[in-house]
Amino acid sequence: MSMTDPIADLLTRIRNINSLGRKRVSVPYSRIKEEILKTLLREGYIDQYEMEGDGPQRALRVTLKYGPEGEKVITRIDRISKPGCRVYSGAQQLPRVMQGLGILIVSTPTGVLSDNEARTKNVGGEILASVC
């Protein structure tokens, strides 16, 4: 069965596991998912991710981050640009998430970046998701 929106699948799996308070989730591998997870790792929203398996059965195992008393680091994670309605923005027009407390994940010509990294490098692109 083919998946029409693998990014939404990744975000939904993270959202569901986070709401249950569990630490780990496994998602099917794709390069864009790995790039999104790298961005979440750089920004401190997840603890780690690792590749498991070989060939077509590869998967990414994501370890979520929680505070010292079990409070959630990710309180909200939403898909912005969808296959039916793409959302693009220039570097200077990227909106701020919760006045800078959250991030946008942006697919740019230089790779998948957070909104802060995209503003610093002065590149715009497709707004994939918001995380706070």
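Two residues are in contact when heavy atoms of theirs lie within 4.5 Å. With that in hand, the model above, which is a predicted one, can be read from the whole chain down to single residues.

The protein contains 3 helices and 8 strands. Followed along the sequence, these elements come in the order α-β-α-β-β-β-β-β-β-α-β. For a chain of 132 residues, a compact globule would have a radius of gyration near 14 Å, and the 15 Å found for the protein agrees with this. The C-alpha trace spans about 40 × 40 × 25 Å along its principal axes. Among contacts with a separation of 6 or more, 61% join residues that are 24 or more positions apart.

The surface and the interior can be described in a similar way. Of the 132 residues, 42% count as buried. The accessible surface of the protein comes to about 7,400 Å², and carbon and sulfur atoms account for 49% of that area. As for charge, the protein carries 20 positive and 15 negative side chains, with the centres of the two sets lying 3 Å apart.

Helix 1 is a good place to begin a closer look. This helix covers residues 6–20, which makes 15 residues. From its first C-alpha to its last, helix 1 reaches 21 Å, close to the 21 Å expected at 1.5 Å a residue. Its buried residues are I7, D9, L10, L11, I14, I17 and N18. The cover over these buried residues includes two elements that come soon in the numbering, strand 1 (24–28) and helix 2 (31–42). Strand 3 (59–64), strand 4 (77–79) and strand 8 (125–131) are also part of that cover. Just after helix 1, G21 takes a positive phi of about 80°.

Helix 2 holds L40. This leucine counts as buried because its relative accessibility is 0%, and buried means under 20%. Leaving aside neighbours within four places in sequence, L40 is in contact with I14, Y45, I46, I105 and V131. One of these partners, I14, is among the buried residues of helix 1. The C-alpha atoms of L40 and R61 are separated by 14 Å, with the two residues 21 apart along the chain.

A second buried residue is found in helix 3, which runs over residues 115–121 and includes D115. D115 has a relative accessibility of 2%, so it counts as buried. Not counting residues up to four places away in sequence, D115 touches L94, P95, I103, L104 and V106.

Y88 and R86 offer a view of less covered positions. Y88 belongs to strand 5 (residues 88–89). Its relative accessibility is 58%, and therefore Y88 counts as exposed. Beyond its neighbours within four places in sequence, Y88 is in contact with G125 and E126. Y88 and E126 are 38 residues apart along the chain, yet their C-alpha atoms are separated by 4.3 Å.

R86 sits in the loop between strand 4 and strand 5. With a relative accessibility of 42%, R86 counts as partly exposed. Its contacts, leaving aside neighbours within four places in sequence, are R79, S81 and E126. E126 is thus a contact of R86 and also of Y88. In contrast, the C-alpha atoms of R86 and G102 are separated by 21 Å, although these residues are 16 apart along the chain.

How values were computed. Residues are numbered from 1 along each chain as its sequence is written. This is a predicted model: local features need pLDDT of at least 70, side-chain atom pairs count only at pLDDT 80 or more; totals for chains, interfaces and linings use all residues. Side-chain values use heavy atoms; hydrogens and water are left out. Helices (H or I, at least four residues) and strands (E, at least two) are DSSP runs, numbered from the N terminus. The radius of gyration is taken over C-alpha atoms; the globule rule is 2.2 Å times the number of residues to the power 0.38. Buried means under 20% relative accessible area, exposed over 50%, partly exposed in between (1.4 Å probe, protein chains only). Accessible areas come from the Shrake-Rupley method with a 1.4 Å probe; for residues, only the protein chains shown count as cover. Lys and Arg count as positive and Asp and Glu as negative; His and the chain ends are not counted. The place of a charge is taken as NZ of Lys, CZ of Arg, CG of Asp or CD of Glu. The expected span of a helix is 1.5 Å times one less than its number of residues.
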